[in-house]
Structures are given as structure tokens and as C-alpha cells.
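Let's take a friendly walk through this protein, from the whole chain down to its central strands. Have the viewer open and follow along.

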Amino acid sequence: MKYTTVIFDLDGTLLNTLEDLKDAVNHALTRNGYPERTLEEVREFVGNGVRKLMERALPESVERAEFDRVFWDFKNYYNCHYADKTCAYDGVMELLAKLRADGVKTAIVSNKMDSAVQELYEKYFRETIQAAVGEREGVNRKPAPDMVQMALKKLGGSAKETVYVGDSDVDIKTAENAGLFCISVSWGFRDAEFLRRHGARLIADTPQQVYEFISDPPAVQTDDLPGQIIMPG
């Protein structure tokens, strides 16, 4: 295999967490007198951590003290309901099992609060993924490369032999900043057209296709020149 290490995004890539995030957002909003947000609005707001999620969900005019109160309500609710509706996408667990059987090292890197990342890791991925890194104080969030570098250190992995898998423009930029090739996935919070507009070079439509791309990296089609060969790495 070309790649010995894979870094996965979490929300929208391995797990469909959108419904639980929406419920937590709307709990905090309605508790503080603000209108609810739709699932599609929350989908657009995610990707840069839960603090940014709530900043986008609230009116821009909200003062700091008010924001902090609403944000606390969000975190308090989500910490208790992070797995009510969350589930792995179809085919993800099979993908991870195949990578483990092949001896590929894997890690999760997420802008979600580290406490929630660790709990989801324990619930879903303890047997298949070796490390998980969430948002924490003193470490720059994605798209900065810091969290990826932390994960690689935990795994003892080399950037030259690592590929990044994610569902958003933030993930594309994160991989770029970390010096990694990115496989974008179309089943998550951003569709293929959006990903192409934001620089995606290789898009997988299923977890099985991710496995195939990792096992035998293909020529990559560009937006402007269909069929143009660009080898990952």
C-alpha cells in the first residue's frame, strides 16, 4: 500500500453527528429566546469547531456575556446527548476493519470538543483506530496543521506516507497545511460540487472507494481537464 497512515476527520466523515448537533444548537437557542435553526442551516455552520458553530447560529449582535451563556447551554446539553442520534455512516466500520487488517495506522482529528471526541472514540472506534485528537486549549484548530501533527506523533507516522480523509473545505485546507494529500468524501456535510469548488482533487463516494484509493492510489481528475493524470503524494 502506498499509505501506511490515515488521518480521518470525524463529523461528516466517519460519523453522522448532524442531528445531535442540531438538537443541541436548538436547545441552547430556544432556552435563551432565539429562533431555532434548520438541519440545513446547522449543516452549513459546522466545520470550524462548536464555538464557531454557535457564533454562526446566533445573531451577530449578541454580546460576549450573552454568547457565553448560550454556548454553555449548548455544551451542557451536547455533553449529555452527543450520541442520541449519531451513527457511523454505512460502510465506515468495514473500511476501518480492512485498514486495521492491512496494518495501516489510523487516527481521528476533529474540531469537536476533545471530551466529546474521546467519548465517541471509545463508543465507536476503540478497536479499529489508534488515536483521537479533539479541540483543546493550547492547540490550534484545523485548518492549522497542529492537531494533525499531534496525531502523527501519537502514531509514530510519517507525513510522506500519510493521507488525510475528510468531508469539508476545512479538511482540504488542513491537509494542505500539513503537507498531506486529501481524499474528500461526498457523503458528509458538503457535497461533491462544493468540494470541487474548494480544491478537492480526489472525491470518494463510498467508504469502499476510500479503501481502494488508499490501497491503490489512482490518477486524479482535475476540474478543468477531465482525465488529466495527477498522482497523489
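Among contacts in the protein chain with a separation of 6 or more, what percentage comes from residues 24 or more positions apart? The share is 62%. Please keep in mind that this is a predicted model.

**The whole chain**

The protein chain contains 10 helices and eight strands. Its radius of gyration is 18 Å, close to the 17 Å that the globule rule gives for 233 residues, so the chain is as compact as a globular protein of that length. Along the principal axes, the C-alpha atoms fill a box of roughly 55 × 40 × 30 Å. Of the 233 residues, 51% are buried. The exposed area of the protein chain is about 11000 Å², and carbon and sulfur atoms supply 46% of that area. As for charge, there are 29 positive and 38 negative side chains, with the centres of the two sets 5 Å apart.

**The sheet**

Six strands make an open sheet with parallel pairing, in the order β5-β4-β1-β6-β7-β8. At its edges are β5 (131-135) and β8 (203-204), each of which pairs on one side only. The table lists some of the pairings, with a residue pair from each.

| Strand pair | Sense and bridges | Residue pair |
|---|---|---|
| β4 and β5 | parallel, four bridges | methionine 113 and glutamate 135 |
| β1 and β4 | parallel, four bridges | isoleucine 7 and alanine 107 |
| β1 and β6 | parallel, four bridges | valine 6 and valine 163 |
| β6 and β7 | parallel, four bridges | valine 163 and phenylalanine 181 |

Valine 163 is a handy residue to click on: it stands opposite valine 6 of β1, and its bridge partner in β7 is phenylalanine 181.

**Two covered strands**

In a regular strand the side chains alternate between the two faces of the sheet. Which residues of β1 lie on each side? Thr5 and Ile7 are on one side, Val6 and Phe8 are on the other, and all are buried, so both faces of β1 (residues 5-8) are covered.

Strand β7 (residues 181-185) is mostly covered, with five of its five residues buried. Phe181, Ile183 and Val185 point one way from β7, while Cys182 and Ser184 point the other way. Here "buried" stands for under 20% relative accessible area.

Conventions: Residues numbered from 1 in each chain as written. Predicted model: local features only at pLDDT ≥ 70, side-chain atom pairs only at ≥ 80, totals over all residues. Heavy atoms only, no water. Rg over C-alpha atoms; globule rule 2.2 N^0.38 Å. Buried < 20%, exposed > 50% of the residue type's maximum accessible area, 1.4 Å probe, protein only. Contact = heavy atoms within 4.5 Å. Areas by Shrake-Rupley, 256 points an atom, 1.4 Å probe, with all protein chains shown as cover. Lys, Arg positive; Asp, Glu negative; His and termini not counted. Charge placed at Lys NZ, Arg CZ, Asp CG, Glu CD. Pairing = 2+ DSSP bridges.
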